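Thank you all for coming; I would like to take a few minutes on one structure, and I will start with a single pairing and widen the view from there. Please have the display in front of you as I talk.

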Amino acid sequence: MFLLKGEWYDLRDLGNTVGGLLDDLRDIGAPDWTIYVTSSLIGAVGILLWTVLSCLAFIWIERRVVALMQNRKGPNRVGPAGLLQPVADALKLLLKEAVTPRSADRVIFWAGPVLIFIPALVVFAVIPFAPKMTLADLNVGVLFLIAIAGINTPAVFLAGWASNNKYSMLGAMRTIAMLISYEIVQVLALLGPVLFVSSMRMGDVVAWQDHFNTWIFFIQPVGLLAFIIAGAVETNRSPMDISEAESEIVAGYHTEYGGIKFGFFYQAEYLAGFAIAASIVTLYMGGYTLWGLEDYVPAWLIFLGKLYTVFFVYIWTRGTLPRLRIDQLMAFAWKFLLPLMLINALVVGAEVLIWRENDIDATPALLAIGAVNLVFGAILVAGWARFLGHGTGKQRGQRAILTQEVGAVHFTPEPAP
Amino acid sequence: MTIKSEPFVVNIGPQHPSTHGVFRLRLTLDGEKIIDADMVMGYLHRSMEKLAEERTYTQNIPFTDRTDYLAAMTGNLAYVMAVEKLMRVEVPERALWLRTIMAELQRIASHAMAVGIFANDCGAWQTPVMHMFRDREKILDLFEMACGARLTLNYMRIGGVSKDIPPEWMPQARKLLKDLPKRFEEYEDLLLNNEIIIARSRGIGTLTPEQATSYSVSGPMLRASGVAWDVRKADPYGAYDKVDFDIAVGRHGDVYDRFVVRVAEMRQSLRILEQALDMIPEGPVHARLGTATVQPWGQPVAPLAYRPPVGEAYARIESPRGELGYYIVSDGSPAPFRFHIRSPSFINLSPLKLMSVGMTVADAIVILGSVDIVVGEVDR
């Protein structure tokens with residue numbers, strides 16, 4: 001492109017800047033390991049800073065946006081337009097006494113918030129923010145993503161168990177059941193992109209989408225839907241926030257946590273949300289590319305823009321949807337999403353095989369695959385829903401009977417489900 | 001293989017986000033399934049019925065605001081009707097109409113709250129309830145214009161209402177009536193047809209008509225079970241015999257039907273209001289109570305105290321929560337000898353165990369929400 005060809009001041013990719021710094025280090029004769037450590041440290045600190053700032057920003061954004069949806073003003077007192085509210089809240093959480101209940105298991109009680117925070121942060125190591133901005137471009141990036149997200153489960157369970165509180169216990173149990181079910185769905189959904197790209201490296205997934213000038217979203221709509229739903233479960237977002245269902249079990253697994261320990265849970269929830277949004281953007285929505293715009297605008301800004309857009313969808317659902325019950329959620333995973341994803345994996349496998357074997361041109365092949373998957377997915381979703389008894393008119397909302405006759409009885413027993 | 005498990009007891013309340021106050025529910029659970037439910041009441045007991053025996057009939061009116069604080073108008077109304085029955089007072093026509101109008105506005109406000117909070121119990125995180133508040137606020141504005149208060153209204157008086165509505169009241173009320181149908185349509189679209197709400201509330205907490213009547217359940221809960229019983233029709237008071245409206249009845253008696261019935265009743269209230277605003281006559285709003293019944297009590301400058309003749313009276317109305325009755329025994333003194341409230345919240349709560357055993361914890365919360373209790377009225 002223009003004059004900027006990977007110079008250190010080429011801010012379209014912060015990797016250039018770090019690269020320049022490392023080159024300087026090498027020039028003054030620093031040993032290799034210092035360069036290695038420095039680059040990791042810069043990346044880790046950068047990600048940490050970014051997540052903390054994004055968290056603070058999104059606490060404010062979420063509260064204001066949801067307030068807008070609810071005819072309220074939201075926080076508007078601390079700082080201009082309430083912008084400093086999250087800072088004030090964070091300070092309050094820091095200064096609060098960290099109470100441990102007498103009957104709690106002290107060590108595990110402490111381990112919970114720490115354990116839940118680390119995986120939420122580590123996930124970002126494999127996310128390519130820009131072509132050169134991946135902290136660790138592992139060749140098993142997708143696998144790493146799933147494995148690290150899985151650490152969430154024992155952390156939540158430890159927190160719930162150690163609190164020695166019945167609400168916490170119920171919340172933790174719900175979480176375990178839920179996360180295990182939806183992790184399977186998530187893995188099967190991710191088979192789609194991986195099969196198409198035939199690589200688990202996150203950078204390769206983005207490069208593939210860039211190369212074929214498409215988003216996997218267009219050739220895997222059902223897979224993305226399942227992944228978004230599984231992501232909502234993993235991040236405890238409404239309508240799947242049953243593990244901390246406020247109206248039922250108070251605060252679920254973190255009922256007994258206060259002060260900064262609660263702050264860790266709170267932030268970890270946001271981090272997990274960002275992590276899911278980042279995975280969706282990378283795997284399904286072209287990552288840092290935006291049809292050539294990445295040559296002009298910093299690629300990492302495009303990535304962040306997409307990430308925040310996806311995260312906004314989660315805020316939106318939280319502001320609008322009621323919550324499902326645990327058995328309905330489990331049934332949805334096992335009876336609906338799992339078979340759907342298995343069939344989806346089969347279809348994708350067949351498509352990739354046909355494409356490779358017959359050496360078809362990319363454009364017609366991708367168009368055909370996209371059309372087939374969209375139509376097939378729609379038919380599958382509608383058909384399966386019908387098979388399970390939804391959308392047959394039985395589920396439609398009914399209106400009340402209006403009568404003038406006092407004392408009449410209009411009861412019909414509920415038909416068996 | 002069966003995994004051995006033992007039941008454990010969870011206290012829902014008295015401090016809990018969804019107990020609508022300080023109500024306590026002891027659930028014995030097997031996993032998520034409820035095998036026993038135990039209701040513990042009395043955390044908000046303020047001894048109103050006993051306190052009322054120490055106060056004059058007029059002084060007791062503010063108490064009736066504070067039992068069902070979400071529907072103060074109907075609380076006032078039932079009490080003053082009982083005292084009027086005792087004193088055989090003829091209430092002027094305009095006062096009767098004003099009472100009807102206020103009671104119906106209160107019903108809309110209270111049902112809006114009930115529906116919103118019910119959605120909240122389903123986990124809709126405040127959005128429906130905040131939207132319902134938008135309409136409730138408008139109605140509270142009307143109340144404020146009429147009597148100066150928004151929550152504890154103290155509007156009804158023995159023999160009429162405290163004062164006539166100001167001239168600017170009517171246009172504002174008409175404007176509200178014009179706006180509300182659009183809102184109701186919105187709520188019906190967004191809530192009644194919501195797949196998740198339907199999944200959460202269909203077939204949950206079912207009461208058959210036999211069960212409902214044997215528990216003496218009343219109000220929207222009874223009508224949701226399919227029994228077309230409404231005190232406004234069965235035993236008309238106020239001006240209800242002069243207006244045209246329907247009883248909204250459910251089909252299956254489950255949580256969803258209670259929700260549907262409440263939404264339909266809001267529309268019927270609107271219908272009543274539209275007629276009432278046109279039909280309300282001019283005239284006095286307070287009866288002239290004879291000197292025979294009005295006598296100074298205690299100090300010569302003390303407020304006038306009514307001394308109803310010896311006897312007893314029971315008056316019942318259809319409050320938003322059900323059949324609200326006041327039973328008053330007079331011994332001829334300025335204070336009631338016995339003062340009893342038949343509170344619909346308390347009685348509607350009694351089949352809670354029947355409804356929630358066998359369901360899950362999440363269902364129990366939704367069922368409790370569908371009963372629409374006000375703990376101030378449960379415990380008095």
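Let me begin with Thr403(A), whose bridge partner in strand 6 of chain B is Ile247(B). That pair belongs to a set of three bridges that join strand 1 of chain A to strand 6 (residues 247-249) of chain B, and the two strands run antiparallel; strands are said to pair if DSSP finds at least two bridges between them. Helices (H or I, at least four residues) and strands (E, at least two) are DSSP runs, numbered from the N terminus.

I should say at once that this is a predicted model, in which local features need pLDDT of at least 70 and side-chain atom pairs count only at pLDDT 80 or more, while totals for chains, interfaces and linings use all residues. Residues are numbered from 1 along each chain as its sequence is written, and chains are lettered from A and ligands numbered from 1 in the order in which they are written.

Turning to the interface as a whole, 45 residues of chain A are in contact with 55 residues of chain B, contact being defined by C-beta atoms, placed from the backbone, that lie within 7 Å. On the chain A side, the elements that give two or more residues are helix 6 (166-197), helix 10 (246-249), helix 12 (299-320), helix 13 (326-358) and strand 1 (401-403), and the largest share, four residues, comes from helix 10 of chain A.

Of those elements, I would like to dwell on helix 6 of chain A. Its 32 residues should span 46 Å at 1.5 Å a residue, and its end C-alpha atoms are 46 Å apart, which agrees; the expected span is 1.5 Å times one less than the number of residues. Helix 6 of chain A nevertheless has a kink of about 25° at Leu191(A), shortly before the proline Pro193(A), where the bend is the angle between axes fitted to the seven residues ending at a residue and the seven starting there. After helix 6 of chain A comes Ser198(A), with a positive phi near 50°.

Stepping back, chain A comes to 14 helices and one strand, and its C-alpha trace spans about 95 × 65 × 40 Å along the principal axes.

Finally, in chain B, helix 11 (residues 255-279) reaches 36 Å from its first C-alpha to its last, close to the 36 Å expected for its 25 residues. Helix 11 of chain B is mostly covered, with 18 of its 25 residues buried, that is, with 20 or more other C-beta atoms within 10 Å of their own, C-beta atoms being placed from the backbone.

Definitions and conventions:
Buried ≥ 20, exposed ≤ 12 C-beta atoms within 10 Å, placed from the backbone. Contact = placed C-beta atoms within 7 Å.
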